[in-house]
Amino acid sequence: MADPARAAKMADRIKVIVAKRLEKGIRDPRLGFVTITDVRVTGDLQHASIFYTVYGDEKERADSAAALKSATGMLRSEVGRNITARLTPSLEFIADALPENAKVLEDLLAEARSRDAAVEGLAKSAQYAGDEDPYVKPRVIGDEAQDEADEADEADEDDSAADKA
């Protein structure tokens, strides 16, 4: 089992090599606008999974997948010439589901926004089920009763001060 750092470096190098070769062009008219998104190499450095996306419709994606499958041998030879490893890893091209996942997330976010707007509309027209302020307020004591209550509190304080002395 190779070092994970070495596998990551090899994956990055394979990504660059394959992307440059695709940029130069492969003589296959089926190949569309392909972008290499990620490369993962197994721990023993024997197999590389290359993830890619294709700009276009389903027909262009299928044509590009067929073109990459037919060019796998040539791309593997190119990788073997440009990496410093004893064995050249086998290559597997996998269509990346990134655009589809992004579309699903965009749809979910749009649905969340519409639901938030509906809740906001309901909140503007909402009314309280009971009183506006359901908390109990302290009773208002008349002025005379308040003065008597203050005098009683002062007397209690005096008694407690006398008890301490």
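**A pocket beside a three-stranded sheet**

In this predicted model, the largest pocket has a volume of about 160 Å³. Strand S2 (47-55), helix H2 (58-70) and helix H4 (98-124) are the elements that each give two or more residues to its lining. The largest share, four residues, is supplied by H2. Readers who wish to find the site in the structure can look for Tyr-52, Thr-53, Val-54, Glu-58, Arg-61, Ala-62, Ala-65, Ala-95, Asp-96, Pro-99 and Glu-100, which line the pocket. Sorted by class, this lining holds six nonpolar residues, one polar residue and four charged residues.

It helps to turn next to the sheet to which S2 belongs. Three strands form an open sheet in the order S1-S2-S3, and their pairing is mixed. Strand S1 (33-41) and strand S3 (90-95) occupy the edges; each has a single partner strand, so one side of each is left without a neighbour in the sheet. On average, neighbouring strands of the sheet are turned by 30° against each other, direction ignored.

The pairing of S1 with S2 is antiparallel and extends over eight bridges. Within this pairing, Thr-35 has Thr-53 of S2 as its bridge partner. Thr-53 also appears among the residues that line the largest pocket, which links the strand pairing to the site described above.

Helix H2 brings the two parts of the picture together. This helix lies across S1, S2 and S3 and runs at about 150° to S2, and H2 is also the element with the largest share of the pocket lining.

Definitions and conventions. Residues are numbered from 1 along each chain as its sequence is written. This is a predicted model: local features need pLDDT of at least 70, side-chain atom pairs count only at pLDDT 80 or more; totals for chains, interfaces and linings use all residues. Side-chain values use heavy atoms; hydrogens and water are left out. On a 1 Å grid over the protein atoms alone, a cavity is a set of points where a 1.4 Å probe fits but cannot get out, and a pocket is an open set with protein on both sides within 12 Å along at least five of seven lines; lining residues have an atom within 4 Å of a point. Grid points are joined across faces, edges and corners, and a volume is the space filled by probe spheres set on the points. Ala, Val, Leu, Ile, Met, Phe, Trp, Tyr, Cys and Pro count as nonpolar, Asp, Glu, Lys and Arg as charged, and the others, Gly among them, as polar. Two strands pair if DSSP finds at least two bridges between them. Axes are lines fitted to C-alpha atoms, for helices over the stretch in contact, and angles run from 0 to 180 degrees between N-to-C directions. Contact means heavy atoms within 4.5 Å.
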